Amino acid sequence: MSALLQFVGDWGHALAAVLFAALGIFVLRRREEAAERRLLAAALLLTSCWSLYVSFGGVDKPLTGIGENIRNAAWLLLLFAMLRRTGAARGESLVAVGSVYAAVAGIILLQTFTDLIWRQLSPLSDMHRALVHVSLVLHMMTAIGSVMLVHHLYISWPSPQRGRVALLLGALAAMWTYDFTLYAIASVTMDRAHELYALRGPMMALLAPVIAAGMRNDVAGRVQLSRALTLRSLSLAAVALYVVALAAAAVVVELVAGPYARVVEIGGVFFMAVSALVLLPSRRMRAFWKVQVAKHFFQHRYDYRTEWMRFGDTIGRPGDNALPLGERVAKAVADITESPAAVLMLRAEDGALAFEARWNWPGDMLDGAVVPAPLAALIEQSGWIIDIDRPPGGAGEVSAPGWMTVDRRAWALVPLIHFGRLIGAILLARPPIDRRLDWEDFDMLRAAGRQAASYLSEAQGQQALDDAQRFDEFNRRFAFIIHDVKNLVSQLSLLARNAERHADNPDFRADMVLTLKESVGKMNDMLARLSQHNKGRAEEPRPMSLRDVVEQVARSRSRQHAILVAGDPPPVLADPARVEQIVIHLLQNAIDASAPDRSVELCLSADDGCALLDVIDQGRGMTAEFIRRELFKPFSSSKAGGFGIGAFEARALAQAMGGRIDVESKPGVGSRFTLRLPLASGEEFGGKAA
């Protein structure tokens with residue numbers, strides 16, 4: 001053993017002796033009559049005496065086991081006294097566990113007897129070597145039995161009060177675990193044990209503050225283990241155990257492999273190092289490690305304070321580089337369960353849940369990836385989180401849509417409910433460590449879903465407010481134009497009155513023509529500043545010929561662009577003025593999007609009780625993102641200088657007559673707008689004709 005290591009070992013044991021003696025004196029000065037308190041003081045003082053004995057005797061003589069036996073017996077007696085008090089309080093029988101204490105005590109007595117005998121024999125005798133090996137085995141058995149008893153005491157202690165004994169029992173478990181490692185290596189090769197025996201002194205010195213913290217009930221009640229610190233500490237402990245195992249394996253290889261030991265050691269180190277580099281950075285391995293730590297070291301799966309702060313930071317992250325709100329909401333909910341991806345679905349006008357945004361979701365969503373309106377209504381009524389892997393267990397439970405059950409990526413559907421109203425849902429992907437959802441997952445996701453729903457509802461309300469402000473601005477500008485129209489009307493009225501008196505004057509006629517031209521120019525400018533609006537008051541729907549209206553609008557635009565009309569469906573039940581306005585909007589948009597040499601097609605047909613008008617162009621086309629988010633929203637236009645009112649108004653007019661407008665478009669290919677209107681029945685058409 002090197003001089004430095006011997007110095008560290010001797011003074012480490014001396015420091016441990018000082019610390020344990022101070023703790024023992026402190027306990028005695030508190031003058032408490034409890035038997036456990038007196039036994040604790042005795043165990044601390046005997047541990048101090050053992051450390052001092054080792055320090056005086058020198059760590060170069062590792063087998064000074066009699067003092068260690070006395071130390072172990074004192075701590076076991078304290079554990080048994082604590083178990084008696086706890087077991088009596090809980091009404092448990094102490095016969096079975098008492099037999100284990102008796103067995104460990106017997107091992108300690110046998111070990112003491114063995115240590116006394118082999119010291120009297122010659123070191124060169126076979127009996128000496130055999131008894132030394134027996135003593136090492138008994139030391140290991142004592143350490144193993146003591147750790148088992150510590151574990152039993154911890155799990156037998158009342159759950160609300162475990163925090164008060166956790167530090168003390170943890171320190172004792174660490175002490176005996178170190179002893180087991182020391183004697184296990186010494187039983188294989190004594191030369192390797194000197195270093196561990198010397199380092200036991202500093203280790204005991206480190207355990208003394210831990211025991212001191214466990215003795216302070218007020219401190220123990222306040223100490224809360226940090227999940228991050230626990231995870232890192234256990235990771236370091238795992239690395240240390242890995243190193244110890246590697247060293248032990250190297251010793252065994254040297255004893256067994258002989259001349260091939262170096263080759264086997266290098267190959268083993270290479271294999272273990274590569275395995276560590278491959279497995280440790282793995283997301284799946286880290287997730288598994290975190291799940292095991294949370295499962296076995298903490299009462300709850302989640303650190304609620306940390307999760308809630310991360311949730312708020314993710315959703316409320318400011319800045320130009322931040323993700324859109326929908327993706328931030330999906331990510332914030334997914335991070336809670338370590339889900340690698342999520343999809344946000346929002347409530348559509350028909351009541352179904354449709355795709356809105358996704359975060360890290362691989363591949364494309366299916367065409368029918370919607371939650372139907374009846375199922376969305378059931379989710380809104382129950383507020384339940386849907387576990388996709390678990391089939392419904394009763395008549396009242398809600399089952400996932402078929403496309404979710406066949407998609408192996410889907411794991412859970414979290415409803416977003418705001419004041420009892422379902423505004424959307426988040427589909428979570430399966431986490432790296434697949435597991436079943438439990439009550440804690442449901443509670444956490446339910447609270448997160450409600451909070452996310454409030455963010456989305458606020459954003460939707462802000463968008464509605466912005467639209468209302470835009471309408472207000474539009475009305476204000478329209479009022480200005482009406483004022484200009486009033487001025488023109490006044491000017492033209494004056495011109496008409498003067499014409500009756502000065503119609504024969506050539507100069508007046510020339511001025512009148514100039515004024516009329518200027519007025520017409522001003523009115524054309526004002527018309528260009530406004531979109532088209534309804535012509536007069538809307539009428540009740542009545543049977544009408546869709547072909548006649550389409551041909552009339554096509555003739556009015558034929559000088560502007562080439563238009564082809566085909567088909568003749570049956571009469572429809574609609575308002576002719578509204579239908580004409582819809583056709584004007586759709587046709588004008590198609591003309592604006594088309595090149596001069598590309599004609600626009602108006603195809604008429606009938607299908608499933610509806611008349612269809614397809615307005616087809618071969619123009620610029622639109623992206624699916626623009627169609628979903630912008631096309632039918634007011635003041636959103638892909639044309640320079642457009643108000644974005646035409647498509648919005650056309651859809652509103654169609655819906656008012658019981659119809660709808662569908663859109664198919666691809667960038668660079670063109671667009672197809674399909675107007676669907678209900679057909680007029682024979683009785684209605686005949687009645688109107690009569």
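1. The sheet. In this predicted model, five strands form an open sheet in the order 2-1-5-4-3, and the pairing is antiparallel. Its edges are strand 2 (residues 353–359) and strand 3 (residues 386–387), each of which pairs on one side only. Strands of a sheet pair through backbone hydrogen bonds, either parallel or antiparallel.

2. Strand 1 and strand 2. These two strands run antiparallel and are joined by 6 bridges, and one point for checking the register is Val 343, whose bridge partner in strand 2 is Arg 358. Helix 13 packs on the sheet, where it touches strand 1, strand 2 and strand 5, and the direction of helix 13 makes about 75° with that of strand 2.

3. Leu 346. This residue sits in strand 1, which spans residues 342–347, and Leu 346 counts as buried because its relative accessibility is 15%, where the cut-off for burial is under 20%. Leaving out residues up to four places away in sequence, Leu 346 touches Ala 352, Leu 353, Ala 354, Glu 356, Ile 423, Gly 424, Leu 456 and Gln 460. A further distance that may be useful when inspecting the model is the one from Leu 346 to Val 370, since the two are 24 residues apart in sequence and their C-alpha atoms are 9.7 Å apart in space.

4. Asp 387 at the edge. Strand 3, an edge strand of the sheet, contains Asp 387, and this residue counts as buried because its relative accessibility is 6%. When neighbours within four places in sequence are set aside, Asp 387 is in contact with Trp 411, Arg 436 and Leu 437.

5. Positive phi values outside glycine. Two loop residues deserve a look in a backbone check. Glu 338, in the loop between helix 13 (residues 325–336) and strand 1, has a phi near 60°, which is a positive value in a residue other than glycine; Glu 338 is classed as partly exposed because its relative accessible area is 32%. Phe 419, in the loop between strand 4 (residues 410–418) and strand 5 (residues 421–429), has a positive phi of about 55° although it is not a glycine. Phe 419 is classed as exposed because its relative accessible area is 79%.

6. A nonpolar surface patch. Leu 4, Phe 7, Val 8, Trp 11 and Leu 199 form a nonpolar patch on the surface, and together these residues have about 540 Å² of accessible area. Helix 1 (residues 3–29) supplies the largest share of the patch, with 4 residues, while Leu 199 is found in helix 7 (residues 190–215). Leu 199 is partly exposed, with a relative accessible area of 39%, so it passes the requirement of over 30% that applies to patch residues.

7. The chain as a whole. The secondary structure comes to 22 helices and 12 strands, and of the 690 residues in the chain 39% are buried. The chain exposes about 37,800 Å², of which carbon and sulfur atoms supply 61%. Among contacts between residues at least 6 apart in sequence, 69% join residues that are at least 24 apart.

Notes: Residues numbered from 1 in each chain as written. Predicted model: local features only at pLDDT ≥ 70, side-chain atom pairs only at ≥ 80, totals over all residues. Heavy atoms only, no water. Patch = residues over 30% accessible without salt bridge, like charges linked within 9 Å, V, L, I, M, F, W, Y side chains within 5 Å. Areas by Shrake-Rupley, 256 points an atom, 1.4 Å probe, with all protein chains shown as cover. Salt bridge = Lys/Arg side-chain N within 4 Å of Asp/Glu carboxyl O. Buried < 20%, exposed > 50% of the residue type's maximum accessible area, 1.4 Å probe, protein only. Contact = heavy atoms within 4.5 Å. Pairing = 2+ DSSP bridges. Axes fitted to C-alpha atoms, helices over the stretch in contact; angles between N-to-C directions.
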